[in-house]
Amino acid sequence: MNERLQKILSARGVASRRKAEEIILQGRVTVNGIIAALGDSADPSVDTIEIDNKPLPELPDKVYIMLNKPRGYVTTLSDEKGRKTASSLVEDCGARVYPVGRLDMDSEGLLLFTNDGEAANKLMHPGFEKNKTYLVTVKGEIDGKVAKLEQPMNIDGYITSGAEVKVHSKNPSGGKLYITIHEGRNRQVRKMCDSVGLIVIRLVRIEVDGVKLGMLPPGKWRYLTGDEIKTLGIL
């Protein structure tokens, strides 16, 4: 079956789709001896696909893991500013995996990684609306803010769907909230809180669509269980 080359390269663990596009544009990929162009398709079962004159790698075993990302790590494979990357914490998982979505540098918690490009696209595509729950420590008066946080908001010109918000605890200076969102726009929870006058002190993602972080220590990772993979609906 013919597929876009960047999809094939991603499935074989060569690179993410975006990086695969760069590799193709650099003229490093050939199909049946002809330099490929971005947008070309091929069938790995019948076509000879090479990268830098080397055969395409065999399909790797699919790997799905979760990391408890600590604060201070960026969610990229490498960083031009020399900052610590979340990917460096999963290098010993036995496969070349990529982060599914993002957690900004100041945020913590559950971050999924996989080498399954199709699964990653399912989890990140807005149409699948995977719920993401955060435990958010805030500074400011919480009373009267929950109902406002649950309403659709204009975040950078985008109207979000309604969130689910529950109070974990509160004190005179602030408290903790459980906030569940469906989209996961850039820094969405922080911007939501800011819009109602709450300052985010700490933000930890604790659940993605029924898969929970649990007691996994910061900086550590583990493989997802079969039940968790089924819960995510990626197989």
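## A guided tour, beginning at helix H2

Select Glu22 to begin: with a relative accessible area of 35%, this residue is partly exposed. The model on display is a predicted one. Add Lys19, which counts as partly exposed at 45% relative accessibility. The side chains of Lys19 and Glu22 form a salt bridge, 3.4 Å from N to O. Both residues belong to helix H2 (residues 17-25) and are 3 residues apart, about one turn of the helix. An α-helix has 3.6 residues a turn, so residues three or four places apart point the same way.

**The four-stranded sheet**

Next, display strands E2, E3, E5 and E6. These strands make an open sheet of 4 strands in the order E3-E2-E5-E6, paired antiparallel. Strand E3 (34-35) and strand E6 (54-55) are at the edges; each has a single partner strand, so one side of each lacks a neighbour in the sheet. Colour strand E5 (residues 49-51) together with E6: the two run antiparallel and are joined by 2 bridges. At Ile51, look across to Lys54 in E6, which stands opposite.

**Strand E15 and its partners**

Turn now to strand E15 (199-208). Which way does E9 run relative to E15, parallel or antiparallel? The two strands run parallel and are joined by 2 bridges. Glu108 has Val204 in E15 as its bridge partner. E10 and E15, by contrast, run antiparallel, with 8 bridges between them. There, Thr137 has Arg202 in E15 as its bridge partner.

Keep Arg202 selected and add Glu108. Their side chains meet in a salt bridge of 2.9 Å, N to O. This pair links distant parts of the chain, since Glu108 in strand E9 and Arg202 in strand E15 are 94 residues apart. Glu108 counts as buried at 12% relative accessibility, whereas Arg202, with a relative accessible area of 42%, is partly exposed.

Follow E15 into strand E16 (residues 211-212), which runs antiparallel to E15 and is joined to E15 by 2 bridges. Glu207 has Lys212 in E16 as its bridge partner. E15 and E16 form a hairpin with 2 residues between them, and Asp209 in the turn has a positive phi of about 50°.

Select Asp209 with Lys130. The two form a salt bridge in which the closest N and O atoms are 3.5 Å apart. Lys130 is in the loop between helix H3 (117-124) and E10, while Asp209 is in the loop between E15 and E16, so the pair ties together parts that are 79 residues apart in sequence. At 11% relative accessibility Lys130 counts as buried; at 23%, Asp209 counts as partly exposed. Now select Asp104, Arg187 and Arg190, which are joined into one network by salt bridges that share partners. Across the model, the count of salt bridges is 11.

**Helix H5 and the core**

Arg190 leads to helix H5 (residues 188-195), whose buried residues are Gln188, Val189, Arg190, Met192 and Cys193. Show what surrounds them: these residues pack against strand E10 (132-139), helix H4 (146-150), strand E11 (154-155), strand E14 (174-181) and E15. Just after H5, Gly197 takes a positive phi of about 85°.

Which residues touch the most other members of the largest nonpolar core? Among the 31 residues of this core, they are Val136, Leu149 and Ile179. Two or more residues of this core come from each of strand E7 (64-69), strand E9 (108-114), E10, H4, E14, H5 and E15. Centre the view on Val136: beyond its neighbours within four places in sequence, Val136 contacts residues including Leu177, Ile179, Val189, Cys193, Val200 and Leu203. Another core, of 17 residues, lies apart from the largest one; Val100, Val208, Val211 and Leu232 are among its members. In soluble globular proteins, nonpolar side chains tend to be buried together.

**Two aromatic stops**

Finally, select Trp221 and Tyr223. The count of aromatic pairs is 1, and these residues form it: the arrangement is edge-to-face, with 4.9 Å centre to centre and 90° between the planes. Tyr223 is partly exposed, having a relative accessible area of 45%.

For the last view, choose Tyr158 and Arg185. The charged end of Arg185 sits over the ring of Tyr158, 3.9 Å from the ring centre.

Key:
Residues numbered from 1 in each chain as written. Predicted model: local features only at pLDDT ≥ 70, side-chain atom pairs only at ≥ 80, totals over all residues. Heavy atoms only, no water. Buried < 20%, exposed > 50% of the residue type's maximum accessible area, 1.4 Å probe, protein only. Contact = heavy atoms within 4.5 Å. Core = buried A, V, L, I, M, F, W, Y, C linked by side-chain atoms within 4.5 Å. Pairing = 2+ DSSP bridges. Phe/Tyr/Trp six-rings, centres within 6.5 Å; stacked < 30°, edge-to-face > 60°. Lys NZ or Arg CZ within 6 Å of the ring centre and 35° of its normal. Salt bridge = Lys/Arg side-chain N within 4 Å of Asp/Glu carboxyl O.
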